[in-house]
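I'm opening a notebook page for this one. I'll go through the chains in turn and jot down what I looked up.

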Amino acid sequence: MADLAWPNPDDCTLIGKRVPRLDGPDKCAGRAKYTYDINRPRMLWAKFATCPFGRARVKSIDIAPAETMAGVVAVEVIAGAGTECKVAFQEVAVVAAESEEIAREAARRIKIEWEPLEHNVVDDDVAMAGNKAKAGKEALTEDFAAAIDGAAVISETEVGCSIITHCCLEPHGSVVEVTEVDGKTSVMAWCSSQAVSGVGGEFAQAAGVDAANVHVSCQHMGGGFGSKFGADLWGALAARLSKKTGRPVKVMLERDMELALAGSRPSAFARMRVGVEDDGAIIAWESAAWGSGGNGGGMGAPSLPYVFGNVEHKKTQTTPIFTNTGGARAWRAPNHPQMCLLTMAALSDAAAELGMDELEFVKKNLGLTGRADVYAEELGIAAELIDWKKKWMPRGDQRGVLRRGLGLAMHTWGGGPHDSNVQCTLHPDGGVEIRCGTQDLGVGARTTIGIVAAETFGIPLNKVTVLIGDNRYPASGGSGGSTTVGAISTATRHACVQALNKLCEAVAPEMNAAAEALVAKDGMVRGKESTAGGVPFADACRRIGTQPIVTMGQTQRGNGMSDQGVGGVQMAEVEVDCETGIVTMQKLVAVQDCGRIIDLLTTESQVRGAMIMGVCAALYEERIMDPVTGTLLNPDLEFYKLAGIADVGELVVHMMQTPDHLKRGVIGIGEPPAISPMAAISNAVANAIGARVKRCPMTPDRVLAAMKA
Amino acid sequence: MNSFEYARPTTLEQAIGLLSPTDGDAAALAGGTDLLSLMKDFLVEPKRLVSLMGIEQLGTISVGKDGLKIGATVTLDGLLQSGALNQWGAKWPALWHAAAGIKSPQLRAMGTVGGELLQRPRCWYFRRGHGLLAQDAKGGSLVEQGDHRYHAIFDNAGPAKFVHPSSLAPALIACDATAEIASPRGMRTVKVSELYRTPTKAGERETTLASDELLTAVTLPRPLPKSATYEVRPRQGLDWPLVAASVAFELDGGGKVTNARIVLGHVAPTPWIAADAKSLIGKGIDDAAIAAIAAAVAKAATPLKGNAYKVDLAQVAIRRAFAAALKGN
Amino acid sequence: MSQTDRPQDASSVSRRGFLRGMSASALAAGALAPAAQALAATVGANAGPGATTSAKAAATVFGPAPIAVNLTINGKTRELRLEPRVTLLDALRNHLDLTGAKKVCDRATCGACTVLLDGKAVYSCTVLAVEAQGKAIETVEGLAEANNGAAPIQKCFVANDAQQCGFCTPGFVMACESVRRRNPHANREQALAELGGNLCRCGTYHGVANAVLDAIHGTTGGK
């Protein structure tokens, strides 16, 4: 029998090791079927006619040219005459046709007359945004003015970052098949979703059935990053069109709509003042921040300063700006990367103003954070990994064309588990089947479950069948906010330990042992004290009779099973070509605390991935809106720029895995490492060129402007 | 994209025949890397596509008395792999750099020399369907009023504000290449520089080719001894240069310039030939001379409100192209 | 302004493709004679019900209705009926259910649709299926099938965890396979330079770099 508690790390053969992901072979061979890859007999393709302006009213719409095209099966108007569209690429009509080509052409033929209306796409200038900017209330500590006036040095910083999008490579979309047999309607929905257990209701409503008749499947999905929690209008339309036509319908967004509508991260800009003592102690913080979460409102830095929240004297104010741009959705650690950039840039500038090494400066102020010990240790490790002591030079001390710089940033996140259920079925022939309604966004959820089950039963990973991505499996929370791994790993452990213990009870009499004295290890069930012998696992399972053992597990919180609250440090080294303004990543180091790791390989991959996304936001990607028409000017991967393989430099990951960290249990890792890169890189560039680049991405024009300023 | 008829002739004459009867609604297809994207966005809506890829003569590289002749459908990869740019013990580093600067092997395998030279501008207003000149209802320039970070800094006083996107054209012009053009009237030859023009009114295109003409080859004369292309390209992989400079020059025994050409890419509606290059003739080439010529070229720039940084980049590109040419790599 | 009437270049000139079109009036009839004679030989095998003869040019053209298209995919000939506008990517994905190659940008930028055409990596989203006739098309599925389920490069991707969501992965696998074949001695810098035509969003580049070097040099790759 086994305790629920995680096994001793020294006894583990899989947990905490570098285990290649279970679905790797299918993904690499093109066998993995994503929603976009689902082809059904008689399936129709749906494509959209959309709004070309930031804001406009539909004066008239004529769908006849599409309807009369050969191969067009259905046309539905979404925004009829008189409707005001509030964002470019907003859906106006949808066409379902026999082929993708016909659907596209037909959507194009729909005639729409527009009355363009005044719009606002300005998110970086409060004055220009006019009445679209709604200044929030100022928060002020009592003797702020006196405190900042009394500071030895007051440094000033202005910095910010553009709106970026999730840019999932698999766009949002669904394939839906509504069938009616003997008067009973049922819905099969393949949906690229981060919440397989939760989206059924949306399809049910669209198809006019109840959720019990909706089967949702998502075996593989091409990225989500926080943008794919719902079925969205697009999934609902697939269901409606399928019901209407009696045929399966595929709705997958084209790249332009994906970038315009399907999720974005708010922008954030701020003017800040930091009051410090001569010894580097921060005594006062002042910030006025603004930015836009698009047509849903909000902005990216609701709370400053970040991490160093315990500054005694503060004056803060935020101004969200409404823009006619696609609305914000949770983007890996919502708001944290922006708040981190603003805060760490202001602190870095304060250190430079004092002539202090930025690393020493933050160390001096760790008392203002909630996790001083964690950060102190991580700062030390990161500094060694990037060779800070040897490489750091005071800001602006360099003169050559190519200048190197170092920068750092720190972050925090929760990462506690959501509610998840896991079913374990232990078959009499030794087969192990784990079912969970979670999904694998590419982070290794499937593999995590397999590892925990295999470790618990002491069997090889390939002996475990992991079934996920289906709403008929036990419900599991949406994958967001780094909540998944803690949930599915502990629920799997919970289910499997119960099954193992039943197995031990079944096999104990024949082994002449107490069930409590048996363990499952190395593919055998044997006495706790033995290192050899025993009964092979499959043979042991035969003793359970004809019925499989079925157990249910749930998320386990606390008690060393799972936890929340992590801190991380990242340090960046860049090279700046001071003539072209091109920034080249040299090295990025991440030191991250995340409790107990289940699969070190996929964890490190996820951390590196987060770092690379940070490089993209720091140097390349941004949504570029047209002030004239209000449309998105770069709804493509040509000018919506992502880093390529040669752009990311060396990536070093150090996961904190001391006994103290391990004993906290499992904590999510999706968000934390995505927070610091942009800030660390901004600081590294400032260190190299001696000036703050005012906006991320730090494109050549902005770098050159900073150097001229 | 709309549906269309398709044909794949094996001779140039056939191609002309196939392209002719549809009254302007036919398009010639080479690598397709630009044309198919334009068609997907309904910016070009031909009723017939005539593939040139089955015409053997258009896909060959040959050495003749006039120089190195590169067929229009030779792929960029074919050009780089052929060894042709190593004729007569001389090279065309400027052209090599430009072709190799297209950092996607997939694009190099598909894209052709002719297609690269005649690809349409990447101006995002043009690509969003606002026309090549991107004018509003009152004739105002969307580019000027809008976001023009990548737009023209030279020759932008008229309605055209886009930049010509070709990587090869500046290099070919710096190498004094000629273009061979076929039409029902026969063949004619022009300088590559003469393929381009800055449109001045709606309906005009960025090329001088008449509506019944087809680019069939470019010919490189014996090269000037020193040449190079330098592109200011933010990403290491596939990315458009912000500015590119191709230079070619010759020095006499005394180290004095006897001939020099400077052509900039991505700065004007055409490949931008810097007339100031002539002022180098008779002078020695050193850092000061290079900096002076770069500054002189930049001085004529007329940047828009939001793209003055490209003027700085143009100077850098010129300086670095000269430096690379002198180093001979 | 209506969406369909947006101000594209108004002239017929602007509506031409990239290498150019021709106008009927300018064409000398005499020039056509040899062309018409030579044409008969060029049409050949594909002249099916979709083919029509254009009297003026005396040349056979196909479509726009579906025509017979023969593709050699992973060593096997596949006979399809496709409109000429169908891209190779859509032919693979929508007509043959070979969904390994992915549609991401659909504009020859991101590399997710990469397949090998006569051994060279190309963007299948921007090749017409009809233009791929007579060429050897290799897809990520074929690479696996020809190697008992996983070619060495694919095994190296798994071992080095060179995928997360996996949507860019098939394209990267094919691009890496092309690098391996073209430059069997590539060092890291050379290999990465040849992968400039592919993009990943999850950030798998570290694994991809290790995987391609692993495949080239037979090392076990990075950790």
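Before anything else, a term I need: two strands pair if DSSP finds at least two bridges between them. I also keep in mind that this is a predicted model.

**Entry: the sheet in chain C**

I started with the strands of chain C. Five of them form an open, mixed sheet, and I read the order as β4-β3-β7-β5-β6. At the edges I found β4 (76–82) and β6 (120–123) of chain C, each pairing on one side only. I looked up the twist too: neighbouring strands here are turned against each other by 40° on average, direction ignored.

Then I picked out one pair. Strand β3 (residues 67–73) of chain C and strand β7 (residues 136–138) of chain C run parallel, joined by two bridges. Which residue stands opposite A136(C) in β7(C)? I found T72(C) there.

Next I checked what lies over the sheet. Helix α5 (residues 169–182) of chain C lies across β5 (114–117) and β6 of chain C, and its angle to β5(C) is about 35°.

**Entry: two domains in chain C**

The domain assignment splits chain C into domain 1 (67–138) and domain 2 (144–217). I noted 20 Å between their centres, taken over C-alpha atoms. Domain 1 of chain C puts 15 residues into the contact, and domain 2 of chain C puts in twelve. On the domain 1 side, β5 and β6 of chain C are the elements that give two or more residues. Which of them gives the most? It's β5(C), with three residues. By class, I wrote down eight nonpolar, five polar and two charged residues for that side of domain 1 of chain C.

**Entry: chain C against chain A**

Here I looked at how the two chains meet. I have 55 residues of chain C in contact with 52 residues of chain A. Several helices of chain C give two or more residues to its side of this contact, among them α2 (88–95), α3 (140–145) and α4 (152–159). The helix α7(C) gives the most, with five residues. I sorted the chain C side by class as well: 25 nonpolar, 19 polar and eleven charged.

**Entry: domains in chain A**

Chain A is divided into three: domain 1 (9–32 + 417–554), domain 2 (35–117 + 172–252) and domain 3 (264–415 + 563–708). The centres of domain 1 and domain 2 of chain A are 39 Å apart, taken over C-alpha atoms. Their contact takes 16 residues from domain 1 of chain A and 18 residues from domain 2 of chain A. I listed the domain 1 side as three nonpolar, nine polar and four charged.

**Entry: domains in chain B**

For chain B I have domain 1 (1–54) and domain 2 (56–118 + 163–327). Their centres, over C-alpha atoms, are 27 Å apart. I count eleven residues of domain 1 of chain B in contact with 16 residues of domain 2 of chain B. That domain 1 side divides into six nonpolar, four polar and one charged.

**Entry: the largest nonpolar core**

Last, I looked up the core. It has 430 residues, and those touching the most other members include A46(A), F203(A) and V247(B). Helix α14 (residues 484–511) of chain A gives the most to this core, with twelve residues. I followed A46(A) further: leaving out residues up to four places away in sequence, A46(A) touches, among others, V95(A), L237(A), L241(A) and K250(A).

Key
Residues are numbered from 1 along each chain as its sequence is written. Chains are lettered from A and ligands numbered from 1 in the order in which they are written. This is a predicted model: local features need pLDDT of at least 70, side-chain atom pairs count only at pLDDT 80 or more; totals for chains, interfaces and linings use all residues. Domain bounds come from an automatic or database domain assignment. Two residues are in contact if their C-beta atoms, placed from the backbone, lie within 7 Å. Ala, Val, Leu, Ile, Met, Phe, Trp, Tyr, Cys and Pro count as nonpolar, Asp, Glu, Lys and Arg as charged, and the others, Gly among them, as polar. Helices (H or I, at least four residues) and strands (E, at least two) are DSSP runs, numbered from the N terminus. Axes are lines fitted to C-alpha atoms, for helices over the stretch in contact, and angles run from 0 to 180 degrees between N-to-C directions. A nonpolar core is a set of buried Ala, Val, Leu, Ile, Met, Phe, Trp, Tyr and Cys residues joined through C-beta atoms within 7 Å. A residue is buried if 20 or more other C-beta atoms lie within 10 Å of its own, exposed if 12 or fewer, and partly exposed in between; C-beta atoms are placed from the backbone.
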